Amino acid sequence: MSGLRKVQVSTGVFWVEVPEAELYILCGAPADSLKHLSRKGFIQKKVEQGTAFETGPTAILLSDILIQNGAFSNLSEFPVLQMLYKQGMLIPNHPNNNGRKPLLIGSRQQINSQKKYIYRGNYGLVTEQELMHAGVNRAMIPQIMQMKLRFAFGKIYESEQFLDELAVEDSAVEIRSGVFIQRLRLNIFEISHEDRSVTVDLNLGPRESYQPPYSLGFHNIRREYFGVIHSGDGDGWDENRPAMSGILMFQGRNYLIDAGPNILHSLRALSIGVNEIEGIFHTHSHDDHFCGLPALMQSDRQIKYFASPMVIASVKKKLAALTSSEEDDFYNYFRVVELNEETWNDIDGFEVMPMYSPHPVETDVFLFRAMSADGFKTYAHFADTISFDTLKGMIATESEPGISEELYETTVSRYLHRADLKKIDVGGGMIHGNAEDFKRDGSGKIILSHTSQELTARQKEIGSGAQFGMVDVLIRSRTDYLRDCTLEILGSYFPKAPRDQLEILLNCPFTVFNPGTILLKAGVVSASIFLILSGHVEMINTRSGIHNFLAAGALVGEISALSGNPSAETFTAANFVTALKLPFQLYLYFIRKNDLHHEILNLQEKRKFLQESWLFGDAVSYPVQNHIARILQECTCAPPQESRDLCVVREGRVLLYLENDLLETLRPGDFWGEGGVLFGAPCVFEAKVSDGALMYTIPCDQLINMPVIRWKLLEIYHRRMERIFNPSLISRPMFQWHDEYGTCIGDMDQEHKELLSRINDLYDAIFIKKDRDSIQTMINSLIGFARNHFNDEEVLMLKHGYPGYDRHKKKHEQLMNEIAAMQEKVAAGEINIHGGEFVSFIKDWVINHILTTDRNYVPFLDDKGDGLP
């Protein structure tokens, strides 16, 4: 009997093993999946031939869907590194180096994205041209490239050279040794061996989220003038605490330093909401400092992103590789602020100096300072430094290139810069620091960080650890920042109310609710209204399936108090919640006195609807919800298909069709038309409205600068694109032209029809297993037509002055490179031309070109005139 077995490791993460095939599959690879495996005992220490190493997964099954409920589902960088180095698969003469490589299993699109993201995670910027384009000093570039080669053991390898891959489609394919895998439905797989099989469902439920491997408790942090909250001191392997990070407090505002895995969990434990984050200072792009960035996109405003140009360039490339998007999409989610290295940059009243630090990827260490009555107070955050011995070993010799003696001495001098508080990396090894290097450091206090090990006695003589939530205050506050914050929120709610009127509300008491405390129960009429100032409040209605989190800026109890009706939801403190308690009669007096009563009552129903929806409920503040409520337009008929408005179902049902095929049934709170916000393009689906249905429409330009809305729309867009090519949902041939694909540009639509026709003929030929030569001829013809089509598009764009020409042309080049590479693999026999992998590649190619990239130019060219000459 087969030894095949499946174990659920955590939400959305499974372990499947077939010991006799030496196959151990990590199914689902969200942030910190390795730490969950370690906690469950699937990673063990082992010694063979005198060499200590770890066991663990030998393959990774990727999610079909990159983003689920706002979080990345596929972050395979650290699992792959664990296989290569901690298991020894890549280390020469290692007892576990048997010629096998880490295996990525999944859709062709996700495999390709992961390979590119791992490549950028390993090396960052990889050419002198990329470094030059990022603004790196020309004189430094050769040294940086030599240093990268030293870290990479002499050569920068493409991901294919240290990874194996297996694309999975609808038919069963063999992994190895008689173990097969098959996709049953989107994100649901069957793995079989001999007489046994298991089903792996990688879909998250509507309210499910990936779980952290550790518990952090709850903390209530006082806002300070200048201080540091220690939000992480582990490394990427530490299963008991978050990776090295910090939160800088200045004048009551919060600034993150790096964004590692499970950053939302850390913030929730500290009773800080995403909307309370002013900005992030970013050191570099390794996953334990990078993969929390999507959490910061879940804000209703663009959070400031501070980094040097070279770090920005490295991060953009990695994020674009991971999400299969454009590098400049980064600016849709963050307000990017470039920092000058080796000089003090003024940031909202304090100063920061980024300093270059040698590392495999572009990295800066940070000095922060603020003026006090006693002069400047300084905090140094030195993540992912390397030891002096390692750095010295990289100095160039007559026989081996490397860094200069000057760079070595400059780096040591930077690391030993005196600070009042200094947090340093003591992780050891080739790319991390050594506490011994700081034994004569003159800083006031040293925090030892970035390690999964207990501090040794010798290390404790040099510095100390920092528990999660510990605060070091550098300049104590003599100002009530909570009051200032409250006044700012009230001013944004009631912009027409004079200051003396706001003081009426501001004179009410502040209340702190302990985690788990109920602020308002369902079925109770609220006697007070609570303005949330910090922390998170759960809004729960089990009957209607509502379970949202409200953050700073939300009002609890207003609708119930003003209407006199019992609350439909229960509101519970998810952590420490600080709120301004407004007695109902006083609040009623205030809104009547300032002529706000009528407007608030008119918006109540719409705002309640928004608050209960998935799209607008989480992380969207009260003022933003009010703004959206004001611009909602009610309608009973679906807008024209060429409309670029977002449509939200208020009542009844709406059916989304692709010609005669029903793809999705929308219910209250669901929406369509996301392409208008993301690309400025019309919807590819036809919406049919049921009798009695009611919709709201929202102009796309009102949502385009709200990161959390864009992020959620992008998640739904990718899901819907997958549905278009699902054979079980589509009655017509997979690659047949649909009128909904049209761009309203006659010549381009004709060429798209021809392109799809050729792709469909190729698909039919593959399906009926035509001979290889015939298929190869069809591929060559398809490539030739595509090249001419891309050229025609580019000529059209230049003729009409399309501002996105350079970006679009670059995308064309990328698509042609991808199909040329696939053509080479087919010709070399590396890919089964009759298998699902090639079809998957073509499908992704169509999605990326006709249904995504080309829809970007539609609004601009459409405005130039019907059909265009």
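## Strand pairing around strand 17 and in the sheet of strands 11 to 14

Strand 17 and strand 18 (residues 277–281) pair in the parallel sense over 4 bridges, where pairing requires that DSSP finds at least two bridges between two strands, and where helices (H or I, at least four residues) and strands (E, at least two) are DSSP runs numbered from the N terminus. This is a predicted model, in which local features need pLDDT of at least 70, side-chain atom pairs count only at pLDDT 80 or more, and totals for chains, interfaces and linings use all residues. Residues are numbered from 1 along each chain as its sequence is written, and side-chain values use heavy atoms, with hydrogens and water left out.

Within the parallel pair, Tyr255 has Gly279 of strand 18 as its bridge partner. Strand 17, helix 6 (residues 263–269) and strand 18 form a right-handed β-α-β unit, meaning that, with the strands pointing away from the viewer, the path from the first strand over the helix to the second runs clockwise. Of the 5 residues in strand 17 (residues 253–257), 4 are buried (under 20% relative accessible area, 1.4 Å probe, protein chains only). Strand 17 also pairs with strand 16 (residues 245–250) in the antiparallel sense, and in their hairpin, which has 2 residues between the strands, Gln251 takes a positive phi near 50°.

Elsewhere, 4 strands form an open antiparallel sheet in the order 11-12-13-14, with strand 11 (173–176) and strand 14 (196–201) as its edges.

| Strand pair | Sense | Bridges |
|---|---|---|
| 13 and 14 | antiparallel | 6 bridges |
| 16 and 17 | antiparallel | 5 bridges |
| 17 and 18 | parallel | 4 bridges |

Terms used
Buried < 20%, exposed > 50% of the residue type's maximum accessible area, 1.4 Å probe, protein only.
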